[in-house]
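Please look through the following model together with this short report, which begins with a metal site and then turns to a helix.

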Amino acid sequence: MRKEAFELLKKYTKSESLLRHAFAVEAGMIAYAKKYGEDVDEWASVGVLHDVDFELYPETHPLKGVEILTEAGYSEEFINAVKGHSDATNTKRETKMAKTLYAVDEFASFIVTVALMRPTKLEGMKYKSFNKKFKTKSFAEAIDRDHLRRAVEELGEDFMEHVNLLISELQEHEKTLNEDGYSLFN
Ligand SMILES: [Fe+2]
Ligand SMILES: [Fe+2]
């Protein structure tokens with residue numbers, strides 16, 4: 001399923017930074033699928049495909065994505081999660097899948113951005129490194145910290161545990177990606 005998801009993403013997305021974002025969000029979805037005992041392959045695929053329409057249809061994002069995913073035969077739960085990750089659609093996030101996607105979307109990429117500043121990247125990265133940058137307003141200024149906090153609250157997870165869980169899954173995911181010739185970083 002993840003393989004097909006990635007093929008579909010590549011059909012609509014040429015930007016490498018968008019592909020890297022998809023990988024980061026994928027790692028977040030994998031982390032929580034494992035934690036909640038959900039289908040890892042399916043949750044990974046939600047992460048991979050949540051921004052499928054962003055490159056070609058940014059103005060209506062994620063509505064064109066919803067169409068693409070409906071046509072590709074993805075489940076209602078899957079599609080509602082994608083729809084709900086954008087506040088613009090005013091969709092209530094009712095499932096764990098939807099809440100998780102919302103809580104890992106920008107968050108996972110923020111962690112990667114912090115890791116980029118470190119000589120060893122994600123390796124050996126601790127909560128402290130994250131928190132220092134999280135508290136520095138001028139760092140990745142466009143990322144609304146309150147939005148990140150609220151999304152974790154909505155999921156019902158502890159903030160620090162959330163960060164640590166994502167760091168550890170991103171570390172694992174980077175290794176897996178490297179084996180396939182991809183990376184979260186370049
Ligand atoms: Fe998005
Ligand atoms: Fe996204």
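In this predicted model, the iron ion (ligand 1) has as its protein donors Asp51 (OD), His61 (NE2) and His85 (NE2), which lie 2.1 to 2.2 Å from it. Donors here are N, O and S atoms within 2.8 Å of the metal (3.2 Å for Na, K and Ca), and water is not among the atoms, so sites may look incomplete. Along the chain these donors follow the spacing D-x9-H-x23-H. Asp51 coordinates both the iron ion (ligand 1) and the iron ion (ligand 2), which are 3.7 Å apart.

The two histidines link distant parts of the chain, being 24 residues apart. Both are listed below with their loop and relative accessible area, where buried means under 20%, exposed over 50% and partly exposed in between (1.4 Å probe, protein chains only).

| Residue | Location | Relative accessible area |
|---|---|---|
| His61 | loop between α3 and α4 | 13%, buried |
| His85 | loop between α5 and α6 (96-116) | 7%, buried |

Helices are DSSP runs (H or I, at least four residues), numbered from the N terminus. In helix α4 (residues 63-71), the buried residues are Gly65, Val66, Ile68 and Leu69. Because they cover an arc of only 165° around the axis, they sit on the same side of α4; the arc is that of the directions from the helix axis to the C-beta atoms. These buried residues pack against α1 (2-12), α3 (40-49) and α5 (76-84), with contact meaning heavy atoms within 4.5 Å. After α4 comes Gly73, whose phi is positive, near 90°.

Residues are numbered from 1 along each chain as its sequence is written, while chains are lettered from A and ligands numbered from 1 in the order in which they are written. Local features need pLDDT of at least 70 and side-chain atom pairs count only at pLDDT 80 or more, whereas totals for chains, interfaces and linings use all residues, and side-chain values use heavy atoms, with hydrogens and water left out.
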